[in-house]
Amino acid sequence: MGRPIFASDTLDLIASRLTIIAMNAKHRFLVDAMLGRLCRWLRVLGWDAEYVEGSLSEELLARVESENRILLTRRQGVENNQLIFVESEVLEEQLRQLEVQFKVLSHASPFTRCIECNAGLERVDKPEIKDSVPFFTYQTQTEFYRCPECKKVFWPGSHHKTMLKKVEGLKETSPSP
Ligand SMILES: [Zn+2]
């Protein structure tokens, strides 16, 4: 039988490297349709990142203000003090920029947000999700989370571990502000 990927020693290691801070004290983002991958990554890192399609309309800018969000875009020529122009087309560079500006890597809270719909995940007891995950996963994993919106079940498996490794690598190569 395989060893759980997220055994407590691994978790301790990650916790010591990532500063986990309270979710309600964090930046909230609105992400332009041109930055779909970045949006998903922000969710993986636990950030509230709403994805928006269409143009940067006045309606959208009003939402940015009323929800106190930071608008991430690659569109030029829009003036707004809550708008951040994302300089690179490359995901890694985009994350580095946001690490410098908002500490999105250093202050991440992985496994707290649904990658699909951005809702906050809820920890669920193992028996509750028995019929929702593959048998092998059920047998080998101990921690499960469910999205209250789309009901998708998440667990800190090998895919997440790979992503966290990538985050650690990016953090080490990010310039200091
Ligand atoms: Zn969801």
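1. Read from the N terminus, the elements of the protein follow the order α-β-α-β-α-β-β-α-β-α-β-β-α, which amounts to 6 helices and 7 strands. The model is a predicted one, and the points below should be read with that in mind.

2. On confidence, the protein has a mean pLDDT of 83, with 84% of its residues at 70 or more. The lowest confidence falls in helix α1, residues 8-17, where the mean is 48, whereas strand β2, residues 48-52, has the highest, at 95. Residues 1-7 have a pLDDT below 50, and this stretch nevertheless has 12 contacts in the model beyond near neighbours in sequence. A second stretch, residues 13-24, also stays under 50 in pLDDT, and for these residues the model has 14 contacts beyond four places in sequence.

3. As to the overall arrangement, 23% of the 177 residues of the protein count as buried. Among contacts between residues at least 6 apart in sequence, 57% join residues that are at least 24 apart.

4. The pair formed by helix α2 (residues 36-44) and helix α4 (residues 91-102) can be described in some detail. Their axes come within 10 Å and cross at roughly 55°, and α2 and α4 are therefore oblique to each other. The crossing of these two helices is right-handed. On the α2 side the contact is made by R37, L38 and W41, and on the α4 side by L91, Q94 and L95. By character, the residues of this contact divide into 4 nonpolar, 1 polar and 1 charged.

5. Which residues does L91 touch, leaving aside its neighbours within four places in sequence? L91, which lies in helix α4, is in contact with R37, L38 and W41, and these are the residues that α2 brings to its contact with α4. L91 has 15 other C-beta atoms within 10 Å and is therefore partly exposed. L91 is also 8.8 Å from L35, C-alpha to C-alpha, although the two are 56 residues apart in sequence.

6. Two asparagines deserve a look at their backbone angles. N68 has a phi near 50°, a positive value in a residue other than glycine, and N68 sits in the loop between α3 (58-66) and β3 (70-73). Is this residue buried or exposed? N68 counts as exposed, because it has 9 C-beta neighbours inside 10 Å, and a residue with 12 or fewer is placed in that class.

7. The other asparagine is N118, whose phi is likewise positive, at about 75°, although N118 is not a glycine. N118 is placed in the loop between α4 and β5 (122-124). With 21 C-beta neighbours inside 10 Å, N118 counts as buried, since the class begins at 20. A reader comparing the two sites may therefore note that N68 counts as exposed, whereas N118 counts as buried.

8. A last point concerns M163, which is found in helix α6, residues 158-173. M163 has 14 C-beta neighbours inside 10 Å and so counts as partly exposed. The C-alpha atoms of M163 and P110 are separated by 9.9 Å, while the two residues stand 53 apart along the chain.

Note on methods. Residues numbered from 1 in each chain as written. Predicted model: local features only at pLDDT ≥ 70, side-chain atom pairs only at ≥ 80, totals over all residues. Axes fitted to C-alpha atoms, helices over the stretch in contact; angles between N-to-C directions. Helix = DSSP H or I, 4+ residues; strand = E, 2+ residues; numbered from the N terminus. Parallel < 35°, antiparallel > 145°, perpendicular 65-115°, else oblique. Left-handed = near helix turned anticlockwise from the far one by under 90°. Contact = placed C-beta atoms within 7 Å. Nonpolar A, V, L, I, M, F, W, Y, C, P; charged D, E, K, R; others polar. pLDDT = per-residue confidence, 0-100.
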